[in-house]
Structure formats: structure tokens, C-alpha cells
Amino acid sequence: MNYHKKTVRDVDVSGKKVLLRCDFNVPLDKETGAITDEKRIVASLPTIQYLLEHGAAVIACSHLGRPKGQVKPELSLKPVAERLGQLLNVDAQLAADVAGPDAAAKAAALQSGQVLLLENLRFQPEEEKNDPEFAKTLASFADLFVSDAFGTVHRAHASTAGVAAYLPAVAGLLVEKELSFLGGALEEPKRPFVAILGGSKVSDKIGVLESLLTKADAILIGGGMSYTFTKALGGKIGASLLEEDRLDFAKSIMEQAETQGVQLLLPTDSVCAHEFAADAAPETFPASEIPEDMMGLDIGPETAKRYADVIQGAGTVIWNGPMGVFEFPAFAKGTAAVAEAMAASNAVTIIGGGDSAAAANQLGFADRMTHISTGGGASLEFLEGKALPGVACLLDK
Ligand code: ADP
Ligand code: MG
């Protein structure tokens with residue numbers, strides 16, 4: 001995939017109406033409907049401010065929750081419009097519909113320096129179906145499309161990709177940053193390039209493993225998926241997570257790593273428990289000698305130390321997937337050790353994946369990473385080397 005895409009900086013936005021796809025999918029309090037975390041709104045401000053300062057009129061749009069093609073008043077973008085207006089210190093109008101008569105009238109009347117927010121895109125079933133007529137109507141409001149919702153670029157929806165058939169399309173500042181860090185790491189990583197892969201299932205990470213095997217110098221495996229690898233080598237993994245139908249895949253990954261000279265490391269020790277519970281008593285065993293009635297819930301201290309050493313010598317580190325059940329403090333030490341080693345290293349450090357980003361935040365290392373991707377699923381598909389519809393549709397540099 002070509003990651004070198006035009007951005008808002010490469011085009012003249014002055015006097016233009018800009019359709020800006022944002023990620024305003026914020027969590028709402030179930031009872032009061034209030035926004036409980038405004039990070040995504042705050043993250044959108046630099047692009048909006050850039051556009052306003054350069055003389056554009058901004059028609060922002062986003063989805064919120066899962067209304068599934070129906071108007072659900074509790075999923076209105078009203079609270080977002082209010083907060084956005086306060087943060088920008090402008091009056092952010094909200095259209096009463098997505099692409100209906102009110103949106104059309106308000107968009108037509110919009111002046112440079114003004115902000116309009118369309119209603120929740122997913123109130124219309126045409127959005128997720130990428131309906132061309134709907135995309136055409138949305139596009140008719142504007143002169144330029146700016147894609148800034150990285151979390152949805154792996155979806156071919158009307159507002160993420162469809163509109164680009166009718167408008168020149170460029171990246172916003174958030175998408176630009178994602179392309180530059182994720183794309184840069186895949187295209188010309190500072191070496192040694194170390195990939196840390198964990199999480200629960202091998203089957204979720206097949207594409208990422210295959211893609212990084214052709215690019216990385218070392219792959220460190222942890223988390224629930226490591227037990228399928230250990231088992232494939234004949235180890236005893238007790239009641240740990242096992243994907244019987246991925247044993248052959250795990251073997252073939254290890255063989256390919258060997259022939260391609262990629263260092264592939266597996267845990268040598270594992271922190272185990274009798275049950276999957278926060279208050280289960282942790283006991284450490286060699287990774288290939290886990291007792292039958294116990295399950296591995298974290299990498300052990302010896303593995304954590306070995307992985308930290310590899311990370312320390314890296315030029316680039318990409319991490320996807322926790323090393324253990326970090327949600328339970330007793331089984332978060334391996335994940336914390338890896339995150340700490342990344343934070344302490346001089347390498348370019350990149351985190352992709354929703355749970356990995358949550359782990360880095362929860363464990364307090366987020367500020368010290370080079371880049372934490374805002375797109376869970378999108379960042380995984382990016383690391384798989386897939387063409388993402390919301391990126392592919394943007395103008396090449
Ligand atoms: P990401 O969202 O970063 O791609 P995943 O969704 O693949 O990560 O994996 C995250 C989940 O993996 C976490 O909820 C974590 O509890 C789980 N996990 C990690 N190690 C284990 C393990 N040994 N056994 C069971 N679950 C695990
Ligand atoms: Mg996940």
C-alpha cells in the first residue's frame with residue numbers, strides 16, 4: 001500500500017467547504033447521556049483549527065455508537081456539537097439530519113470559519129452500505145474531503161471512502177500522523193526492527209504474523225497465543241489457551257522465521273493459575289512444563305527480562321497484543337515489563353491494537369511511546385499490509 005498521501009497541508013483549502021470525517025465516537029454515560037471521555041474530540045481539534053485558520057468552512061461528520069441505520073435520539077451528536085463548540089470557541093451548529101434537507105440547507109449557508117456537524121452518519125443505513133447515491137449527496141455539500149478518522153479507514157463506508165469518488169480527498173493531521181509512523185515503520189524501519197506480538201488468539205494475528213515475518217528482524221511472542229506455539233514444539237501447556245487448528249500454522253511460522261533468519265522468541269517461563277480469575281494465586285513454571293490443571297496467564301520474569309533486553313537494543317519496536325491477562329494486576333507484570341522496556345528505550349516505539357493501547361495507558365507508559373495508534377482494528381489491518389479503503393482513496397503525494 002502507498003502510505004504517501006496528500007494532506008490538508010498539500011492543498012489550498014481557502015474559501016473551500018470541507019467535508020471532514022472525524023472520529024467522534026465517544027463513550028456516553030448510559031443514564032445522563034453525558035460524554036465520559038472527550039479524548040477523541042480533543043484529538044480532532046488540530047485539523048479543524050488548521051482548516052478554519054486557512055479560510056475553510058468545516059462540515060464535520062462522524063458515527064456514534066451502533067444505531068444500525070435508524071434514528072436513535074440517544075445517539076445524537078448533540079453533546080458532541082456542544083462540546084466541540086466550547087473547545088473551538090465557535091458556534092458549532094448541528095444539522096437535524098445526516099444528508100437531508102436541513103443538512104443541505106445549513107451546508108449551503110455555511111461561511112468560511114464556520115463549523116457544521118452533520119447528525120450521526122449511522123442513522124442512515126446507506127452509510128455502512130457505502131451507497132453511492134448517499135455518498136454523492138454528502139459529497140455535494142463540499143469541495144474537498146478530508147479523512148481524519150483513522151479508526152474507520154479499514155471500512156469502506158460512504159463517509160470513509162465512498163465520497164472520494166466525487167471529491168478530491170486528502171488526509172487530516174491525525175491520519176497523516178498514523179500514516180507517517182505506521183507506514184514509516186513498515187517501509188523503512190530503523191533496525192533492528194523488533195515486533196512484539198501477543199493477545200489472546202493466534203487466529204486474530206495470522207495476517208500480522210505473516211506480514212511482520214517479512215519485515216522484522218526479531219519477533220517476540222507472548223500472551224495467550226504463545227501456548228499454541230509452545231504446544232506445536234511438543235511442550236506441555238496444561239489448561240492454557242490452545243488453538244488446536246492453528247498448530248500447523250504456528251509450526252510453519254517458526255520454520256519460515258528460521259529460513260528467513262528472523263529471530264523468533266517464545267516464552268521460557270509462564271505465570272500460571274488454577275483458574276481464570278483476578279484473585280487466583282500466581283505460580284511460575286517453565287513454559288513447556290505447565291501442570292495439567294493450570295493455565296498460563298502471563299509471561300514469566302525470565303522471559304520478561306529476555307524480551308526487555310531485545311527491546312533495549314532495537315531501532316524500531318512495534319507492539320501488538322498484551323503479554324498476559326493485564327486486566328488482572330497479578331498477571332500484568334509481563335505486559336508492564338515489556339511496556340517499560342519500550343518506554344525506556346531509544347527506539348521508535350509504536351503500539352497498535354485497542355487492548356495494547358489500553359494496557360499502555362492503564363500501566364502508565366503511554367506518554368513515553370513514540371506513537372500509539374488510535375485505530376484498533378485499523379492499525380491491525382495496517383500492520384497486515386492490507387490496502388485500507390479509507391487510505392487508498394486519498395490522493396497520492
Ligand atoms: P489488541 O486489542 O491489542 O490487538 P488482543 O485483542 O489480541 O489485543 O488481546 C488482548 C486480550 O488478550 C486481553 O484481553 C488479554 O486479557 C488477553 N490475553 C493475553 N494473554 C492471555 C492469556 N495468557 N490467556 C488468556 N487471555 C490472554
Ligand atoms: Mg483487542
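Here are a few worked exercises on the pockets, the ligand and two backbone oddities of this predicted model.

**Exercise 1. Find which residues are closest to ligand 1, and which of their atoms make polar contacts with ligand oxygens.**

Step 1. Start with the shell. Ligand 1 has 20 residues around it, and Lys205, Gly296, Glu327, Asp355 and Ser356 are the closest.

Step 2. Now pick out N or O pairs within 3.5 Å. Glutamate 327 puts a polar side-chain atom 2.5 Å from an oxygen of ligand 1. Serine 356 also uses a polar side-chain atom, and its distance to a ligand oxygen is 2.5 Å. With aspartate 355, look at the backbone: an N or O atom there lies 2.8 Å from an oxygen atom of ligand 1.

Step 3. Check how covered the ligand is. On its own, ligand 1 has 580 Å² of accessible area, and the protein covers 86% of that.

**Exercise 2. Work out which elements build the shell around ligand 1, and what classes of residue it holds.**

Step 1. Look for elements that give two or more residues. You'll land on strand 14 (295-299) and helix 12 (354-362).

Step 2. Ask which gives the largest share: helix 12 does, with 3 residues.

Step 3. Sort the shell by class. You get 6 nonpolar, 11 polar and 3 charged residues.

**Exercise 3. Identify the pocket that ligand 1 takes up, and describe its lining.**

Step 1. Place the ligand. Its space is the second largest pocket, which has a volume of about 470 Å³.

Step 2. Walk around the walls. There are 29 lining residues, with Gly199, Ser200, Lys201, Pro322 and Gly324 nearest the centre.

Step 3. Assign the lining to elements. Strand 14, helix 12 and helix 13 each bring at least two residues, and strand 14 contributes the most, namely 4.

Step 4. Sort by class: the lining has 10 nonpolar, 13 polar and 6 charged residues.

**Exercise 4. Describe the largest pocket in the same way: volume, central residues, elements and classes.**

Step 1. Take the volume, which comes to about 1,400 Å³ for the largest pocket.

Step 2. Go to the centre. The lining has 49 residues, and the closest to the centre are Asp23, Asn25, Pro27, Arg40 and Thr374.

Step 3. List the elements that give two or more residues to this lining: helix 1 (39-53), helix 6 (173-187), helix 12, strand 17 (371-372) and helix 13 (376-383).

Step 4. Finish with the classes, where 15 nonpolar, 19 polar and 15 charged residues turn up.

Step 5. Cross-check helix 12. It serves the lining of the largest pocket, the lining of the second largest pocket and the shell around ligand 1.

**Exercise 5. Locate the cis peptide bond and the positive phi at lysine 68, and say where each sits.**

Step 1. Check omega. Between arginine 191 and proline 192, omega is about -5°, and the peptide bond is cis.

Step 2. Place proline 192. You'll find this residue in the loop that runs between helix 6 and strand 7 (193-197).

Step 3. Check phi. Lysine 68 isn't a glycine, yet its phi is positive, at about 55°.

Step 4. Place lysine 68. This residue belongs to the loop between strand 2 (57-61) and helix 2 (78-88).

Methods. Residues are numbered from 1 along each chain as its sequence is written. Chains are lettered from A and ligands numbered from 1 in the order in which they are written. This is a predicted model: local features need pLDDT of at least 70, side-chain atom pairs count only at pLDDT 80 or more; totals for chains, interfaces and linings use all residues. Side-chain values use heavy atoms; hydrogens and water are left out. A residue is near a molecule or strand if one of its heavy atoms lies within 4 Å of it. A polar contact is a pair of N or O atoms within 3.5 Å; within protein, one must be able to donate a hydrogen and the other to accept it, and residues adjacent in sequence count only if both atoms are side-chain atoms. Accessible areas come from the Shrake-Rupley method with a 1.4 Å probe; for residues, only the protein chains shown count as cover. On a 1 Å grid over the protein atoms alone, a cavity is a set of points where a 1.4 Å probe fits but cannot get out, and a pocket is an open set with protein on both sides within 12 Å along at least five of seven lines; lining residues have an atom within 4 Å of a point. A molecule sits in a cavity or pocket if more than half of its atoms lie within 2 Å of its grid points. Ala, Val, Leu, Ile, Met, Phe, Trp, Tyr, Cys and Pro count as nonpolar, Asp, Glu, Lys and Arg as charged, and the others, Gly among them, as polar. Grid points are joined across faces, edges and corners, and a volume is the space filled by probe spheres set on the points.
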